[in-house]
Amino acid sequence: MEKWEGKVSSTLTKANANQIWPLFIDFFNFHKWFPNLSTCYGVHGTNGEVGGTRYCAGFSLPNKDGGADQVSWSKERLVAVDHENMSMSYEMVDCNVGYKSYLSTIRVVGGDGEGCVIEWSFSVNPIDGLTYEDLFQKYQTRLDQTTKKMEDSLVQNNG
C-alpha cells in the first residue's frame, strides 16, 4: 500500500522564526494554537524532548467512535528535535481517527529577520473515508489557521 505524503507551508510576515519555533516545540501545549483542538497535555517524558508523548483531543476529524460529533483523540510522540534547524518530527502512536503509520515533520525556516515560513510534511497510510486531496487541504487550512493565531498573538503581545 502506497503512503500518502505531502507538504504544506505557510508564510508569516510579522513574526520571525526565532519567535515562532518556541511555540511549536512547546509540544504538550499545542491546543493553544491548533484549531478545534480542545486539549493537549503530556502523558510521558519531557515537553519538547525526544520521547515526549502528548495526548490531544478535539473535533478536527471524524473518528471511528461515531463521527464528527464525537471527540477525536490521538497520542503523539516526538521522535526527532533539531533546535539548530528548527525542525521536529512526531509519530502518532494511537488514535481513533484512522491514521496508521503516521509521521509528521514541522520545520520553521528563517531566523531573526522579518518573517518566516513554516513547513508541515506528513506521511500516512491512506485513510478510510478521506481522499488525499481532502487530507492535504485540511493540513493547509489547519497550518494557515495555526500560524495566523501564533503570529497574531506575538504581534498583540509585542505591540
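Start by selecting Glu91, which sits in strand 5. The model on your screen is a predicted one, so treat this walk as a look around that prediction.

**Stop 1: Glu91 and its surroundings**

Is Glu91 buried, exposed or partly exposed? With a relative accessible area of 24%, Glu91 is partly exposed, because buried means under 20% and exposed means over 50%. Now show the side chain of Arg77: the side chain of Glu91 makes a polar contact with it, at 2.5 Å. Leave out the neighbours within four places in sequence, and Glu91 is in contact with Lys75, Glu76, Arg77, Val79, Tyr102 and Leu103. Try a distance label between the C-alpha atoms of Glu91 and Lys75: these residues are 16 apart in sequence and 8.6 Å apart in space.

**Stop 2: the whole sheet**

Next, zoom out and colour the strands. The sheet is open and has 7 strands, in the order 1-7-6-5-4-3-2, with antiparallel pairing. Which strands stand at the edges? Strand 1 and strand 2 do; each has a single partner strand, so one side of each has no neighbour in the sheet. Look along the sheet and you can follow its twist, which averages 25° from one strand to the next.

**Stop 3: strand 3 and its partners**

Select strand 3, residues 53-58. Strand 3 pairs with strand 2 in the antiparallel sense over 6 bridges, and with strand 4 it also pairs in the antiparallel sense over 6 bridges. To see the strand 2 side, pick Thr39, which stands opposite Ala57 of strand 3, and then Tyr41, which stands opposite Tyr55. For the other partner, pick Gly58 and look across to its bridge partner in strand 4, Ser72.

How many residues of strand 3 are buried? The count is 6 of 6. Both faces are covered: Thr53, Tyr55 and Ala57 lie on one side, while Arg54, Cys56 and Gly58 lie on the other.

**Stop 4: helix 1**

Now select residues 17-25, which make up helix 1. At its start, look for Asn16: one of its side-chain oxygens reaches to within 3.0 Å of the backbone nitrogen of Asn18. Then follow the helix over the sheet. Helix 1 lies across strands 1, 4, 5, 6 and 7, and runs at about 155° to strand 6.

Which residues of helix 1 are buried? They are Ala17, Ile20, Trp21, Leu23, Phe24 and Ile25. These buried residues pack against strands 1, 4, 5, 6 and 7, and against helix 2 as well.

**Stop 5: the nonpolar core**

Keep Ile20 and Phe24 selected and add Tyr99. These three have the most contacts inside the largest nonpolar core, which has 41 residues. Strand 1, helix 1, strand 2, strand 5, strand 6, strand 7 and helix 2 are the elements that give two or more residues to this core. The largest share, 6 residues, comes from helix 1.

**Stop 6: helix 2**

Move on to residues 132-158, which are listed as helix 2. Helix 2 has 27 residues and reaches 39 Å from its first C-alpha to its last, close to the 39 Å expected at 1.5 Å a residue. Its buried residues include Leu135, Tyr139, Leu143, Met150 and Leu154. The buried residues of helix 2 pack against strand 1, helix 1 and strand 7.

While you are here, pick out Thr146 in helix 2. Thr146 counts as buried, at 2% relative accessibility. What does Thr146 touch, not counting residues up to four places away in sequence? Display Phe30, Trp33, Phe34 and Pro35 to see these contacts.

**Stop 7: two loop residues**

Finish with a pair of loops. Asn36 lies in the loop between helix 1 and strand 2. Its phi is near 65°, a positive value in a residue other than glycine. At 43% relative accessibility, Asn36 counts as partly exposed.

Then go to Met86, in the loop between strand 4 and strand 5. Met86 also has a positive phi, about 50°, although it is not a glycine. Is Met86 buried or exposed? Met86 is buried, with a relative accessible area of 9%.

How values were computed:
Residues are numbered from 1 along each chain as its sequence is written. This is a predicted model: local features need pLDDT of at least 70, side-chain atom pairs count only at pLDDT 80 or more; totals for chains, interfaces and linings use all residues. Side-chain values use heavy atoms; hydrogens and water are left out. Buried means under 20% relative accessible area, exposed over 50%, partly exposed in between (1.4 Å probe, protein chains only). Helices (H or I, at least four residues) and strands (E, at least two) are DSSP runs, numbered from the N terminus. Contact means heavy atoms within 4.5 Å. A polar contact is a pair of N or O atoms within 3.5 Å; within protein, one must be able to donate a hydrogen and the other to accept it, and residues adjacent in sequence count only if both atoms are side-chain atoms. A nonpolar core is a set of buried Ala, Val, Leu, Ile, Met, Phe, Trp, Tyr and Cys residues joined through side-chain atoms within 4.5 Å. The expected span of a helix is 1.5 Å times one less than its number of residues. Two strands pair if DSSP finds at least two bridges between them. Axes are lines fitted to C-alpha atoms, for helices over the stretch in contact, and angles run from 0 to 180 degrees between N-to-C directions.
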